[in-house]
2 protein chains.
Amino acid sequence: MTGKTNKACIEMAHGGGGRTMDRLITDIFRKHLDNEYLSQANDGALLPKASGRLVMATDGHVISPLFFPGGNIGSLAIHGTVNDVAMMGATPLYISASFILEEGFPLEDLEEIVRSMGDAARQANVSVVTGDTKVVEKGKGDGVFISTTGVGVIEDGLAIGGDKAVPGQAILINGTVGDHGVAILSKRENLEFETEIVSDSAALNGLVSDMLAAAPSISVLRDPTRGGLAATLNEIAGQSGVGMLIEEEKIPLKPAVSGACELLGLDPLNIANEGKLVCICNAEDADKLLSVMHAHPLGKEASMIGAVTQDPNKMVRMTTMFGGTRMIDWLAGEQLPRIC
Amino acid sequence: MTGKTNKACIEMAHGGGGRTMDRLITDIFRKHLDNEYLSQANDGALLPKASGRLVMATDGHVISPLFFPGGNIGSLAIHGTVNDVAMMGATPLYISASFILEEGFPLEDLEEIVRSMGDAARQANVSVVTGDTKVVEKGKGDGVFISTTGVGVIEDGLAIGGDKAVPGQAILINGTVGDHGVAILSKRENLEFETEIVSDSAALNGLVSDMLAAAPSISVLRDPTRGGLAATLNEIAGQSGVGMLIEEEKIPLKPAVSGACELLGLDPLNIANEGKLVCICNAEDADKLLSVMHAHPLGKEASMIGAVTQDPNKMVRMTTMFGGTRMIDWLAGEQLPRIC
């Protein structure tokens with residue numbers, strides 16, 4: 001991050017299981033992530049009994065660059081996994097973190113990343129309870145990769161899943177699309193826009209909790225990360241055996257993101273988000289949910305973007321600004337590699 | 001693995017969240033790991049209520065080479081995490097797996113790795129319930145890294161931890177030391193020995209379950225992986241504030257491993273194991289536990305290697321074959337990088 005010379009770096013010994021690794025764990029990991037479980041210092045964490053059904057989700061994070069407007073790989077690794085657990089309707093409780101570090105990576109940058117993880121975990125009300133660190137030789141990794149796994153509990157009575165959408169239901173989103181992907185791309189390509197585009201990376205469990213309190217019958221929650229809104233809607237349509245019709249003008253989009261996408265030839269519907277959720281609910285709950293979302297800092301720009309339709313071909317279609325309708329497909333391949 | 005040309009390889013699109021990635025998940029991951037939880041196909045897995053306190057452990061696997069005598073990174077990733085959960089005295093139930101794949105890695109090798117994971121999971125009676133796949137550009141990774149996280153449950157009444165050893169207790173091990181590290185090193189350096197040295201990589205949860213049934217009062221269980229037996233005993237001595245005195249002649253060691261270590265200038269006590277456990281128990285339970293261990297396929301060569309002592313300096317000492325006593329320190333740094 002800084003131009004200092006001779007700064008301390010990760011060495012192979014930091015992954016060796018000996019004293020050097022022990023110091024790294026104490027000086028960086030315990031310092032910023034500490035909690036009663038992590039400090040047990042055993043092979044794993046001993047946790048209390050859980051009160052409900054369990055939910056478990058995992059995410060590898062390989063984002064490049066590691067630091068970006070709105071966050072870094074550390075905060076992202078917490079947000080991504082907290083959100084995956086929350087999208088099941090569960091309350092995320094515990095996070096494990098596996099670090100794969102490249103020899104030569106500055107310790108100062110690692111500490112900044114771990115500090116952000118600690119802050120993000122505290123804000124999301126989860127604890128990093130156990131971890132692991134491995135070191136690979138220079139040229140066999142890329143700075144830092146972090147795989148996080150989250151465990152949460154889900155209350156009885158909730159039944160949320162990608163296969164639960166039915167025709168007639170409403171499709172909601174909590175805010176603007178494409179912010180994360182465009183922020184990463186701008187940083188990567190050194191693009192400068194008039195307005196800085198900042199990642200939306202955030203933990204959505206608080207918002208989800210408010211939404212479920214208002215409408216426990218929500219059918220689907222999913223965060224449109226890799227592949228963007230287009231991939232997420234197509235996944236759900238496929239799992240539920242339904243179609244969808246969305247309206248372009250209802251999809252929140254920042255002018256700066258829209259401009260950047262036009263410039264770069266990208267479709268904002270294919271671009272990753274890290275603080276967004278799609279919610280599919282009964283039509284009669286839509287207004288109530290929108291008010292709850294609008295009252296939350298992460299849902300101020302929430303919008304009903306369309307409806308679930310009956311369609312044996314499971315197509316996602318969009319009414320465009322010009323009044324026509326086009327099919328929204330997911331991409332076969334990769335538009336923006338290493339976006340998360 | 002094979003010399004075939006033009007074989008299909010991992011492309012950046014395999015990590016893109018689109019159709020190509022979807023095919024990879026279906027054709028390789030679901031095919032070999034399938035179970036009722038993985039097939040839910042949501043952002044995470046919805047699991048039943050757990051009957052006891054939870055245990056959570058995580059391990060990143062960056063072993064090189066990926067394929068070695070006695071296993072590959074896939075089986076190792078299951079064994080390593082199952083063992084971490086089992087060392088808490090818990091029954092491992094669920095595993096998550098995060099794959100970081102390097103562009104250009106042969107799909108055929110990936111399938112072999114995932115097949116081994118599936119076999120290892122079934123043998124250890126655990127399910128891989130959720131996963132994630134990321135792809136990094138050629139030269140930014142090293143084939144395959146796998147981070148696995150395990151969740152298990154622990155019965156009431158058990159109190160196992162590295163801080164629970166007390167003077168007078170017995171120190172047991174379930175078999176020979178150094179096999180895994182020497183097997184990896186031999187393969188890496190293309191060394192040929194008269195007898196092939198095979199990794200001891202194995203899931204220890206079955207053995208632990210038998211041991212706990214016989215002696216629920218076991219104080220410490222730990223698997224001597226990175227840093228070997230020396231690091232593990234020193235860790236426990238430090239956590240419990242005790243000393244240890246072990247006897248060199250009681251430590252099981254394969255002649256081939258001993259010979260290889262001599263040749264390579266390595267101390268087998270510093271070398272990683274992947275199917276070994278250290279057990280610290282009340283002296284009066286030692287014989288009973290040794291019989292239980294001897295009756296299990298993974299404990300045939302179990303041995304009582306020493307005792308916990310009172311020592312304010314928390315030193316681990318060893319009576320050598322020649323009758324002297326030497327201090328067993330853990331290494332400051334790294335003897336064998338990327339051993340697990």
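Across the interface of domain 1 and domain 2 of chain A in this predicted model, 8 residue pairs are in polar contact, both partners having pLDDT 80 or more. Salt bridges play no part here, as the count between domain 1 and domain 2 of chain A is 0. On the side of domain 1 that touches domain 2, the elements giving two or more residues are strand E3 (67-68) and helix H2 (73-86) of chain A. Of these, H2(A) supplies the largest share, 7 residues. Sorted by class, that side of domain 1 of chain A has 11 nonpolar, 6 polar and 1 charged residues.

Let's step back to see where these two domains sit. Domain 1 of chain A covers 12-154, and domain 2 covers 170-327. Their C-alpha centres lie 27 Å apart. Contact between them involves 18 residues of domain 1 of chain A and 21 residues of domain 2 of chain A. Together the two domains of chain A bury about 1,600 Å², and carbon and sulfur atoms account for 62% of that area. If you want residues to look at in domain 1 of chain A, try Pro69(A), Asn83(A) and Met87(A): these lose the most area to domain 2, together 37% of what the domain 1 side buries.

Now turn to the meeting of the two chains. Here 77 residues of chain B are in contact with 77 residues of chain A. The area buried between chain B and chain A is about 6,200 Å², with 55% of it coming from carbon and sulfur atoms. On the chain B side, Asp43(B), Met56(B) and Arg226(B) lose the most area to chain A, together 13% of what that side buries.

Charged pairs do appear between the chains: 11 salt bridges are counted between chain B and chain A. One of them joins the side chains of Asp132(B) and Arg226(A), with an N to O distance of 2.8 Å. The interface of chain B and chain A also has 32 residue pairs in polar contact, both at pLDDT 80 or more. Several elements of chain B each supply at least two residues to the side touching chain A, among them helix H1 (19-33), strand E5 (91-102), strand E6 (127-136) and helix H6 (228-240). By class, this side of chain B has 32 nonpolar, 26 polar and 19 charged residues.

Strand pairing also links the two chains. Strand E1 (residues 45-49) of chain A runs antiparallel to E2(B), and 4 bridges join them. To find this pairing on your screen, look for Leu47(A), whose bridge partner in E2(B) is Leu54(B).

Over all chains, the structure holds 39 salt bridges. One within chain A is formed by the side chains of Asp179(A) and Lys254(A), at 2.5 Å from N to O. This pair links distant parts of the chain, 75 residues apart: Asp179(A) is in helix H4 (residues 179-188), while Lys254(A) is in the loop between strand E10 (243-247) and helix H7 (255-264) of chain A.

A few backbone details round off the tour. In chain A, the peptide bond from Ser64(A) to Pro65(A) is cis, with omega near 0 degrees. Pro65(A) is placed in the loop between strand E2 (53-61) and E3 of chain A. In chain B, a cis peptide bond joins Ser64(B) and Pro65(B), with omega about 0 degrees, and Pro65(B) is found in the loop between E2 and strand E3 (67-68) of chain B. Finally, Arg338(A) has a positive phi of about 55 degrees although it is not a glycine; Arg338(A) lies in the segment after strand E14 (325-327) of chain A.

Notes:
Residues numbered from 1 in each chain as written. Chains lettered and ligands numbered in written order. Predicted model: local features only at pLDDT ≥ 70, side-chain atom pairs only at ≥ 80, totals over all residues. Heavy atoms only, no water. Domains from an automatic or database assignment. Contact = heavy atoms within 4.5 Å. Buried area = accessible area lost by both parts, 1.4 Å probe. Salt bridge = Lys/Arg side-chain N within 4 Å of Asp/Glu carboxyl O. Polar contact = N/O pair within 3.5 Å; in protein donor to acceptor, adjacent residues only side chain to side chain. Nonpolar A, V, L, I, M, F, W, Y, C, P; charged D, E, K, R; others polar. Pairing = 2+ DSSP bridges.
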